[in-house]
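Colleague: Got a minute to go through this one with me?
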There are 2 protein chains.
Amino acid sequence: MSDRIFNFSAGPAVMPEEVLKQCQEDMWSLGKTGIGVMEHSHRGKAFSAVLLQTIADCRALAKIPDDYDILFLTGGASSQFFMIPMNFLGKDQTADYLMTGAWSKKAIGDAKRYGNVHVACSSEDKNCSYIPAEVTWSKSAVYGHFTSNNTIFGTQFKTEPTPPAGVPLICDASSDIFSRPIDVTKYGMIYAGSQKNLGPAGVTLVIIRKDLVERGSKDLPVMLQYRTHAKEDSCYNTPPSFPIYAVGQVFKWLLKNGGLEGIAAKNEAKAGKLYDYLDQSSLFKATAAGDSRSLMNVTFVTGDEKLDEQFIAFTKERKMDGLKGHRSVGGMRASIYNAFPEAGVDALIAAMKEFESQNRK
Amino acid sequence: MSDRIFNFSAGPAVMPEEVLKQCQEDMWSLGKTGIGVMEHSHRGKAFSAVLLQTIADCRALAKIPDDYDILFLTGGASSQFFMIPMNFLGKDQTADYLMTGAWSKKAIGDAKRYGNVHVACSSEDKNCSYIPAEVTWSKSAVYGHFTSNNTIFGTQFKTEPTPPAGVPLICDASSDIFSRPIDVTKYGMIYAGSQKNLGPAGVTLVIIRKDLVERGSKDLPVMLQYRTHAKEDSCYNTPPSFPIYAVGQVFKWLLKNGGLEGIAAKNEAKAGKLYDYLDQSSLFKATAAGDSRSLMNVTFVTGDEKLDEQFIAFTKERKMDGLKGHRSVGGMRASIYNAFPEAGVDALIAAMKEFESQNRK
């Protein structure tokens, strides 16, 4: 087997090595079934057991109450951008959206097709480098929507915003889901593409309060109603069975390693080290505002594009990959999701030190 | 590694063992990248190469002309049921649907939400056990839609129906795609869920003529417009990268083994043996009409439900699984897709002979 390198990709992203090994084994034969996990009927006993265990583990991991459904859908968070307003936003109604980055913007774009959008706050004035402290909720929104972590801009809500009583809070948590404890009861719905913190690309986790499932429009194709998938345990049609299985393995790995409290401590340690280094560096500078920094995506620059490029090449020689920043921010981005090892953060800091000593300003 | 058994599942279904072994290897590190195939950024060089090669191999395999786009979407064939009329069927327009089974019926159900549906033929009078010889096309349909193989009822079109000139033919080929040579130029669009003949569940292959991509409605969320995915090589959002990769491995396996001509000969041999046995058996009887028999899903009964159950248990003791028929037909169903080995058909026939000798009528 080839040696593995440190993979800072923003998503699809690094997965735990023990999960990869389990996937390799179960791909040939799931347990003693003599049939690989990808080849089992989604309605057969073996895969049903996998699916139900995955749902149970998800519920245990995030302490999700029974009045929430746990669904595995497809089409990424991008499909939730339209499914949410299609289901919940009537044409004379208003939904509140917190505008903190590229994904919020796309979600707003789709919502406007269905009803009124009130932008309750925005950080566009400073290239989305911060999380606004003030949110101006509208008077009678049907829901409030925010993006908990902004992959591109490296910002993250420290805690969820609080809409007026009775307004369901909906969160796109694609890039920080299960990176820390979460009080699910504060939310109407939480959704996340799988490819950052949950496993391989190809499935969308939707945690949704049952009264919202029922509230959704019935005047839609069956596949676009949450109730269809809730009623059939995500098996109305053939679900993406291997991605669901792999996400289930990641849940098991999290449960075995201290759950969300355990992973939160590790994430704080990893990001803490990196920001500490950045804060004392005379060459590298974090781009996100101090109180808005993401523990998942650490964005930084040297302030000199050529030097940024040189540094990225420098890390590639040291078995690191995926550090190039998104074009809207430039510079570097270290995505250090749950499965990213602390040793990789140490290796990055060592490379930064070495590079800095060679390139004193 | 556990021994593998013969997996007759209707989908997700058996995959070629050499493909599984390649998946295991690339899951740890794709080539020498040091990053597993599930963990590569969908916009990075390594995965882009996989995606482009998969598209090129698909084009070579089915001789798909350059005026067709090859897309990898999500949501299964079930999502195409609404995307097709949503894109192409205006509310005063008519689409022709050939009704030959459960999937045609669902496709018709969704189409009715958007415009007029003319049912151009139906085999519902005999529990969908045959493919109608006559099709009554309407005068100015915007498209004609059919299901090439009916997984549940074990029937298959021997060749595509011919709509009036200028009417695009759209085919749900989920359960027989690439099981035989296909003249793509006769179609406006061909789509298929991946989990039967293409690989693991989680991706939908869409082969669509470029003028149809352009003709699709623009008054839709971006994710629901074919042009969005055509413009961005299926990477508008994060695609289901591992399922796409695995489908690509299946394309390579087909190309290496004689392409569609090669697999068609094998499929005819496998199904031929089984139907020959059924035709001379005094215990087992094929349920599909002789001229409509599927080479992919062979449905059969003893005529005695208890005996059917006993036979299914009998096969399980002989390392076979997945032979229970769908509840709408009952009895047995042997799904023998491209990757199903001929040795498994031989084993099934041997079991049928043995069971028949023990249960003479």
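Modeller: Sure, let's start with the interface and then look at a strand. Keep in mind it's a predicted model, where local features need pLDDT of at least 70, side-chain atom pairs count only at pLDDT 80 or more, and totals for chains, interfaces and linings use all residues. Residues are numbered from 1 along each chain as its sequence is written, chains are lettered from A and ligands numbered from 1 in the order in which they are written, and side-chain values use heavy atoms, with hydrogens and water left out.

Colleague: How many residues of chain B are in contact with chain A?
Modeller: 61, and they meet 61 residues of chain A (contact is heavy atoms within 4.5 Å).

Colleague: And what area is buried between them?
Modeller: About 4,800 Å², with carbon and sulfur atoms giving 61%; that's accessible area (1.4 Å probe) lost on putting the two together, summed over both. B:Trp28, B:Met38 and B:Glu39 supply 18% of what chain B buries there, more than any other three residues.

Colleague: How many salt bridges across the interface?
Modeller: The rule finds 4 (a side-chain nitrogen of Lys or Arg within 4 Å of a carboxyl oxygen of Asp or Glu). One of them links B:Arg113 and A:Asp219, with the closest N and O atoms 2.7 Å apart.

Colleague: Switching topic: which strands does β5(B) pair with?
Modeller: β5(B), a DSSP E run of at least two residues, runs parallel to β3 (residues 94-99) of chain B, joined by 2 bridges, and parallel to β8 (residues 169-172) of chain B, joined by 4 bridges. Pairing takes at least two DSSP bridges.

Colleague: Which residues stand opposite each other?
Modeller: B:Asp96 is opposite B:Gly144, and B:Thr147 is opposite B:Asp172.
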